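Biologist: I would like to learn how to read a model with more than one chain. Please take the features one at a time.

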Amino acid sequence: MTKGGSHIILFILLAGMYACTSRKIFTSNYFTENEKALTEIETLYKKLSEQKPFAIGFTDRSFEYVSIEIITDSIKYINEFSITDQKMVDTLRKYALPEEGILELVLKMRAIHCIWVNTLDYYTNNQKRSLVFLSVKPVSVRLPFSAEKYLVLTFYQQPQYYDSDGNLLASRRLRKLRKINDETFRRLNDKVAYTVSEHFR
Amino acid sequence: MTSKVFGKFGYRFFVLKGSLKNIACFVFFAVCTFFASTVSANKLNDTTRFSSREEAIAFLEKQAGLAQSDYWPNINPVLFLQNIRKNIEQPLSIYEGRSTNFCAYAALSYLPLHQNPLDYTRFLITLYKDGKAMYGREYFEPTRAVRLAAGTLSFKGELDIRPADQLWFMSLADHFKGYLNLFDHHYNPGDENKTWAAVNFAKFNRMIRRLFNYHVDAAGSDLIRPGFRDAFDYLSEKIKTGTVALFVNNLDLYKKNHTRLRLNIPTHFVILLGIDEADDDRIAITYWDYGGITRQYLPESFLRKIIFGVSHITAKKNND
């Protein structure tokens with residue numbers, strides 16, 4: 001076998017190993033390293049969105065532009081701004097959103113490449129509940145042409161039920177895996193579960 | 001001459017033949033008149049049906065005490081009626097569910113819920129009671145797999161607690177088939193998120209024509225964008241004269257430039273409610289999807305890029 005051929009085989013083997021093992025390691029490491037920052041973002045977002053519901057996310061790879069969804073009783077407004085644009089502050093002011101808090105949130109998100117945060121409703125025993133849905137675009141080596149992966153974290157208000165393998169369950173009685181956006185989640189702690197997904201929202 | 005040649009019998013034969021000719025002419029004339037009147041009557045009846053919210057509510061109130069259906073064992077009749085009532089009273093609240101492929105079915109529901117809620121209500125009640133029903137020109141008899149699954153969908157957000165919407169969306173997906181459903185014809189649990197429920201542009205327009213009897217002028221396709229030069233001018237003109245549904249690239253609509261590789265295909269249906277020019281040269285589009293109204297600000301070039309299909313839907317009238 002030629003030297004080039006053996007390199008190709010080695011590359012394929014390494015790529016295969018990467019695909020099989022990277023997900024779990026990178027997730028738990030990432031969460032451990034950034035737990036404080038992630039929790040701060042979740043807490044700040046929850047506090048701000050209680051004043052007025054909104055969702056926010058970065059729309060570009062360089063983390064320069066944000067899309068803000070301002071949710072009122074009758075209509076949802078979606079607008080995109082450069083984070084340095086005065087229009088963003090004007091718009092936040094116009095809709096009586098806490099501008100300083102949101103700017104702080106944007107900077108915190110940018111610092112750890114958190115690209116999206118919003119509130120999601122879900123139902124347990126026909127009761128409406130909500131969770132904070134947060135996704136991160138970690139800087140990691142990616143195989144060429146493979147789909148982009150996001151680390152998605154869900155923060156619940158009450159402790160959740162997990163099976164012995166750490167998979168998130170629908171409820172205590174219903175031993176069925178809970179799905180959010182058609183993805184199953186795994187335990188990070190009692191109130192936080194994660195998945196790695198091709199979809200960030 | 002005839003009697004001379006054929007005698008008495010010949011004369012009678014020709015008299016009889018003449019009478020038969022007259023009868024044949026008469027029958028022919030009668031048949032023609034009948035068909036002409038039928039065609040004319042059909043043309044007169046070929047109008048889009050309308051009804052009011054009050055009529056639908058009055059019909060729904062007569063259904064109090066609806067018994068549990070044997071055909072839909074997982075749909076509670078009380079919750080079913082509550083869901084229909086909510087749809088009639090708040091037609092924008094109908095919700096396709098999170099991560100399903102029901103967006104087209106939810107988008108087309110905009111028409112009956114706003115313009116003919118009575119027929120929509122009648123259809124759902126009949127389908128619930130009898131397991132089969134007619135809607136427009138379509139006969140529905142959902143498969144057993146669908147009847148058992150409706151009412152059990154979960155982890156779809158508010159759709160979890162909307163059994164009538166589950167029945168409606170699943171029956172539509174079960175009944176109407178397009179090329180995208182070619183390899184997934186039969187429902188299996190979880191198929192609501194897969195190609196079983198997928199809708200291509202032609203199927204969307206066909207459903208509207210056959211169920212609700214509207215004129216649908218469609219521009220665009222599943223892969224090639226419509227050839228208008230100015231999306232703003234085109235859509236502004238269309239929205240003045242009818243309901244406008246857009247077939248858009250969902251990934252782009254909720255703008256995400258995180259990835260280098262993106263499939264540029266349409267995946268989502270929305271109802272366009274308004275379009276106007278914003279202060280900063282951008283276009284503000286107001287549309288309905290996911291159970292609510294959204295107003296989004298976009299550059300015109302971007303708007304043109306995301307639109308793959310425009311359905312201009314107008315009611316049929318007597319003189320059409």
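Biologist: How many residues of chain B are in contact with chain A, and how many of chain A do they meet?

Modeller: Bear in mind that this is a predicted model. In it, 20 residues of chain B contact 24 residues of chain A. On the side of chain B that touches chain A, nine residues are polar, six charged and five nonpolar.

Biologist: Which strands of chain A and chain B pair, and in what sense?

Modeller: Strand 3 of chain A, residues 75-82, pairs with strand 7 of chain B, residues 292-298, in the parallel sense, with four bridges. Within strand 7 of chain B, B:I293 is the residue opposite A:I75.

Biologist: Where do the domains of chain B lie in the sequence?

Modeller: The assignment puts domain 1 at 1-45, domain 2 at 53-209 and domain 3 at 214-315. The C-alpha centres of domain 2 and domain 3 of chain B are 25 Å apart. Their contact involves 17 residues from domain 2 of chain B and 22 from domain 3 of chain B. On the domain 2 side, helix 4 (103-115) and helix 8 (201-212) of chain B each give at least two residues. That side has 11 nonpolar, three polar and three charged residues.

Biologist: Why does A:Y162 count as partly exposed?

Modeller: A residue is buried with 20 or more other C-beta atoms within 10 Å, and exposed with 12 or fewer. A:Y162 has 17 C-beta neighbours inside 10 Å, so A:Y162 counts as partly exposed. A:Y162 sits in the loop between strand 6 and strand 7 of chain A. Leaving aside residues up to four places away in sequence, A:Y162 touches A:N167, A:L168, A:L169 and A:R187.

Terms used: Residues numbered from 1 in each chain as written. Chains lettered and ligands numbered in written order. Predicted model: local features only at pLDDT ≥ 70, side-chain atom pairs only at ≥ 80, totals over all residues. Domains from an automatic or database assignment. Contact = placed C-beta atoms within 7 Å. Nonpolar A, V, L, I, M, F, W, Y, C, P; charged D, E, K, R; others polar. Pairing = 2+ DSSP bridges.
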